[in-house]
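User: I'm new to this one. Please pick a single part, look at it closely, and then tell me how the rest is laid out around it.

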Amino acid sequence: ADRRLAQRARAAGLTTVAVTLMPFHGHGYYTPEHEKARQAVNAFLRASRDFDAVIDAAELQRAPRQPEHLDPAYDSGDHLHGNDAAYRRLADAFPVDRLAAAPK
């Protein structure tokens, strides 16, 4: 992943938030290779110190026993995009207090 965008944003005084990629098994785009790439991107984001905050959408919205699947409660029906409940859950997880305290 390229850290330059986050670094440029911070240099400009902006707060940066990364969001992990949600699971999408069952969608036509899904392949084991795409899943491997998703896992790699998410691992990078979770470990990165380049962002002011990271929201772990993958963890928040995965199926409890099948982490490569969206939880049916959050699936819009296409196994790729979240429904209204999914986006509400992300909004609830948004670290507003932490962002207000982020260095400018």
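Analyst: **A close look at one strand pair**

Start with Arg62: its bridge partner in strand E4 is Leu70. That pairing comes from a predicted model, where local features need a pLDDT of at least 70, side-chain atom pairs count only at pLDDT 80 or more, and totals for chains, interfaces and linings use all residues. Residues are numbered from 1 along each chain as its sequence is written, and side-chain values use heavy atoms, with hydrogens and water left out.

Now zoom out a notch. Strand E3 covers residues 62-63 and strand E4 covers residues 66-70, and they run antiparallel, joined over two bridges (DSSP has to find at least two bridges for strands to count as paired). With two residues between them, E3 and E4 make a hairpin.

Carry on past E4 and you're in the loop that leads to helix H4 (84-93), which is where His79 sits. Check out its backbone: phi of His79 is near 65 degrees, a positive value in a residue that isn't glycine. His79 is also partly exposed, at 33% relative accessible area (buried is under 20%, exposed is over 50%, and partly exposed is in between, using a 1.4 Å probe and protein chains only).

So where do E3 and E4 fit in the whole thing? The chain has five helices and four strands, with helices being DSSP runs of H or I at least four residues long and strands being E runs of at least two, numbered from the N terminus. Read along the sequence, the order goes α-β-α-β-α-β-β-α-α. Along its principal axes, the C-alpha trace spans about 40 × 30 × 20 Å. Out of 104 residues, 33% count as buried.

There's a pocket to look at, too. The largest one has a volume of about 190 Å³. A pocket here is an open set of points on a 1 Å grid over the protein atoms alone, where a 1.4 Å probe fits, with protein on both sides within 12 Å along at least five of seven lines; lining residues have an atom within 4 Å of a point. The volume is the space filled by probe spheres set on the points.

Leu80 and His81 are among the residues lining that pocket, along with others including Leu21, Phe24, Tyr29 and Tyr87. Helix H2 (residues 32-47) gives the most to the lining, with three residues. By type, the lining splits into seven nonpolar, two polar and one charged.

Note on methods. Nonpolar A, V, L, I, M, F, W, Y, C, P; charged D, E, K, R; others polar.
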